[in-house]
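Colleague: Could you take a close look at one part of this model for me, the strands and how they pair up? Wander into the neighbouring features if they help build the picture.

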Amino acid sequence: MATAGQPVPGTLLGDLNNDGLQDVFFFSATGSPVLFFNRGFRSFGVANSLDYAVALPDAGNGVQAGCWDDFNGDGILEQVLVFLNGEVCILNFDNGEGFGRGVRVMLPNEGPFQGPLTVTGYRNGRSLGAWNVCAGVSSAFIARSDAGPLKIAWKLPGQAEQSKEFVLENAPQTFVIKPGSK
C-alpha cells in the first residue's frame, strides 16, 4: 500500500488504436508501464511493439501519472505520462491517415445536468463499452478504424433512453448531449 506522498499504481482504459475496442494501460512507480490491446474476443494482447522502457528510458523506472485524450483534435487519442522525476511526455499515435474516425461525446459545461452520465457505444449492434461523462471533466471517445456507422445511447435523469447514429468517414465528430438532444 502506498503512503502519503508516494505515487500509486494506475490503470487507464481507452481506445488507443481507434479500433472501437477499449485497450488497457497499467503503470506504477516501480516499473515500466505496459499496454494491452483489446483483441475483440474477450482477449487482450501485450503491445510488444510499444516497449515503454526502450522507447522512453525514463518510463522504465516507473510512472507517477498518466492519461489519454484527443488533445489536438485529430480524432486519435494521445497519451500523457508523468515520470517519477516530474517530467511530462506526450505520445502521439499515428494511424497512418492523419485523422481518426471517432465521436467525442460531452455534456455542456453550463447545462442543467453536469453528470455523471453513462454513454454506451455500439457498432453493428455490438456494445463497444460504456463511458462516464461529466461536464468539463470527462468525455466519451468512441472510435472505429474504418468508415461506417456508430451508435451512441444515453439516459438523462427523468427521461427515456435516447440514442444517436453517426456515420464516421474522414474526420472526428463532436456531440454535446443536452436535454432533448437528438
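Modeller: Sure. Let's start with strand E12, residues 148–154, which pairs with E13 in the antiparallel sense over 7 bridges. Keep in mind as we go that this is a predicted model. If you want a spot to zoom in on, try alanine 153, which sits opposite serine 163 in E13.

Now step back to the sheet around that pair. It's an open one of 4 strands, in the order E10-E9-E12-E13, and the pairing is antiparallel. At its edges stand E10 and strand E13 (162–168); each has a single partner strand, so one side of each is left with no neighbour in the sheet. As for the twist, it averages 25° from one strand to the next.

There's another open sheet to look at, made of 3 strands in the order E5-E6-E7, again with antiparallel pairing. Here E5 and E7 are the edge strands, each pairing on one side only. The twist in this sheet averages 20° from one strand to the next. Inside it, E6 and E7 run antiparallel and are joined by 5 bridges. A handy landmark there is valine 80, whose bridge partner in E7 is isoleucine 90.

Follow the chain between those two strands and you reach glycine 86, which is found in the loop between strand E6 (78–83) and strand E7 (88–92). Is that glycine buried or exposed? Neither, quite: glycine 86 has a relative accessible area of 42%, so it counts as partly exposed. Glycine 86 is also 23 residues away from valine 63 in sequence, while their C-alpha atoms are 9.2 Å apart in space.

Both sheets turn up again if you look at the largest pocket, which has a volume of about 420 Å³. Which elements give two or more residues to its lining? They are strand E1 (10–14), strand E5 (63–69), strand E8 (101–106) and strand E10 (126–133). Two of those names you've met already: E10 is an edge strand of the sheet we began with, and E5 is an edge strand of the other one. In total 22 residues line the pocket, and those lying nearest its centre are Trp68, Asp69, Arg104, Ser138 and Ser139. By character, the lining divides into 12 nonpolar, 7 polar and 3 charged residues.

Definitions and conventions: Residues are numbered from 1 along each chain as its sequence is written. This is a predicted model: local features need pLDDT of at least 70, side-chain atom pairs count only at pLDDT 80 or more; totals for chains, interfaces and linings use all residues. Side-chain values use heavy atoms; hydrogens and water are left out. On a 1 Å grid over the protein atoms alone, a cavity is a set of points where a 1.4 Å probe fits but cannot get out, and a pocket is an open set with protein on both sides within 12 Å along at least five of seven lines; lining residues have an atom within 4 Å of a point. Grid points are joined across faces, edges and corners, and a volume is the space filled by probe spheres set on the points. Ala, Val, Leu, Ile, Met, Phe, Trp, Tyr, Cys and Pro count as nonpolar, Asp, Glu, Lys and Arg as charged, and the others, Gly among them, as polar. Buried means under 20% relative accessible area, exposed over 50%, partly exposed in between (1.4 Å probe, protein chains only). Two strands pair if DSSP finds at least two bridges between them. Axes are lines fitted to C-alpha atoms, for helices over the stretch in contact, and angles run from 0 to 180 degrees between N-to-C directions.
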